[in-house]
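Student: Please put the sequence and the structure up. I would like to go through them by question and answer.

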2 protein chains.
Amino acid sequence: MNKFSKSHPVTVDLTKHTCCTSDHNERVLAINDAMDVIRGKWKVQIIGTLLFGGKMRFMDLLRIIDGIAAKMLSKELQDLEAHQLVTRTVKETKPITVEYEITEYGKSLETVIKSVADWGIQHRRKMMQRK
Amino acid sequence: MNKFSKSHPVTVDLTKHTCCTSDHNERVLAINDAMDVIRGKWKVQIIGTLLFGGKMRFMDLLRIIDGIAAKMLSKELQDLEAHQLVTRTVKETKPITVEYEITEYGKSLETVIKSVADWGIQHRRKMMQRK
DNA sequence: CAGAATCCGGCACGATACTG
DNA sequence: CAGTATCGTGCCGGATTCTG
């Protein structure tokens, strides 16, 4: 069930614009795909936490993320796993525990998240002073 | 009506974790604020288009973005203007026209968008081959 | 042309309860 | 502990119509 940019049929009538054509379109699709992965209130935070904290259990995430409900955490983690950004491993301890860890591929998101965070901090400052 | 991370009260009980404290919290807030600006199906695309195409009229955007409805474009542009990422200038031509342009501050988002786009392309390739 | 107004369906997200 | 199941709701985003 891969919904790759289905929302945007690649039809662009160039009735008046002869400039923006070829690879500009690919960028749009890329951005949408990327945003699909990142979208959702918690995705980025989960990845960030895992990126920063290493291997963690469900409960750890539930406690650290602060505000997230179990259902959401569960669902978002499934999404991330489907995208091969995190791994899920079940430990056969007495009360069963599950550990989540970011994949090598998932680490490639660090750049993105970092730039988002950096911009956010800057934005925060700007919005504080002015007004 | 500034809703700065109101969703996440900064209460983190450290019953068991003594590590993640101080500035980690600030990063979370920063990320949320940044995502608030970027969130929405069209925001990034609009900024990207303006970033790439320079000064543009409403109709241009409406045609280029392909798929967006006037209402959405209008609303998103208002949001962006409120965040001081774009400027809106009315030209007193015969049928009135309005031009939108990205601000200097808005250009600071280029880094973010670029990293998102780059990752998206890479992600796209990966998902194509495997599976 | 550049929007505002209105109506509406779906799903993102939340709260709560239950299970192995 | 690590989830599912169920239910409810807001608001996000789309389609359409009207206006200056």
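**Cavities, chains and DNA**

Student: What volume does the largest cavity have?
Tutor: This is a predicted model, in which local features need pLDDT of at least 70, side-chain atom pairs count only at pLDDT 80 or more, and totals for chains, interfaces and linings use all residues; side-chain values use heavy atoms, without hydrogens and water. A cavity is a set of points, on a 1 Å grid over the protein atoms alone, where a 1.4 Å probe fits but cannot get out. Points are joined across faces, edges and corners, and the volume is the space filled by probe spheres set on them. For the largest cavity this gives about 50 Å³.

Student: How many cavities of 30 Å³ or more are there?
Tutor: The same grid rule is applied, with 30 Å³ as the lower limit. The count is 5.

Student: Which element gives the most to the lining of the largest cavity?
Tutor: Residues are numbered from 1 along each chain as its sequence is written, and chains are lettered from A and ligands numbered from 1 in the order in which they are written. Lining residues have an atom within 4 Å of a cavity point, and they include Val112(A), Ile113(A) and Val116(A) as well as Met35(B) and Ile38(B). Helices (DSSP H or I, at least four residues) are numbered from the N terminus, as are strands (E, at least two); α1 (22-38) and α6 (110-129) of chain A and α1 (22-38) of chain B each supply at least two lining residues. With 3 residues, the element that gives the most is α6(A).

Student: How many nonpolar residues are in that lining?
Tutor: Ala, Val, Leu, Ile, Met, Phe, Trp, Tyr, Cys and Pro count as nonpolar, Asp, Glu, Lys and Arg as charged, and the others, Gly among them, as polar. The lining has no polar and no charged residues. The nonpolar residues number 9.

Student: What relation do chains A and B have?
Tutor: The copies are superposed by least squares on the C-alpha atoms of residues with pLDDT of at least 70 in both. A turn of 180° and a shift of 0.0 Å along the axis lay chain A on chain B with an RMSD of 0.0 Å. That is the relation of a two-fold axis.

Student: Which residues come closest to DNA strand C?
Tutor: A residue is near a strand if one of its heavy atoms lies within 4 Å of it, and 16 residues surround DNA strand C. Of the strand atoms within 4 Å of the protein, sugar and phosphate account for 72%. The closest residues are Lys71(A), Met59(B), Gln78(B), Arg88(B) and Tyr100(B).

Student: How far is a backbone N or O atom of Met59(B) from a phosphate oxygen of DNA strand C?
Tutor: A polar contact is a pair of N or O atoms within 3.5 Å. Val98(B) has a backbone N or O atom 3.4 Å from a phosphate oxygen of this strand. For Met59(B) the distance is 2.8 Å.

Student: How far is a polar side-chain atom of Tyr100(A) from a phosphate oxygen of DNA strand D?
Tutor: Tyr100(A) is among the nearest of the 18 residues around DNA strand D. A side-chain N or O atom of Lys41(B) is 2.9 Å from a phosphate oxygen of this strand. For Tyr100(A) the distance is 2.6 Å.

Technical notes: A polar contact is a pair of N or O atoms within 3.5 Å; within protein, one must be able to donate a hydrogen and the other to accept it, and residues adjacent in sequence count only if both atoms are side-chain atoms. On a 1 Å grid over the protein atoms alone, a cavity is a set of points where a 1.4 Å probe fits but cannot get out, and a pocket is an open set with protein on both sides within 12 Å along at least five of seven lines; lining residues have an atom within 4 Å of a point.
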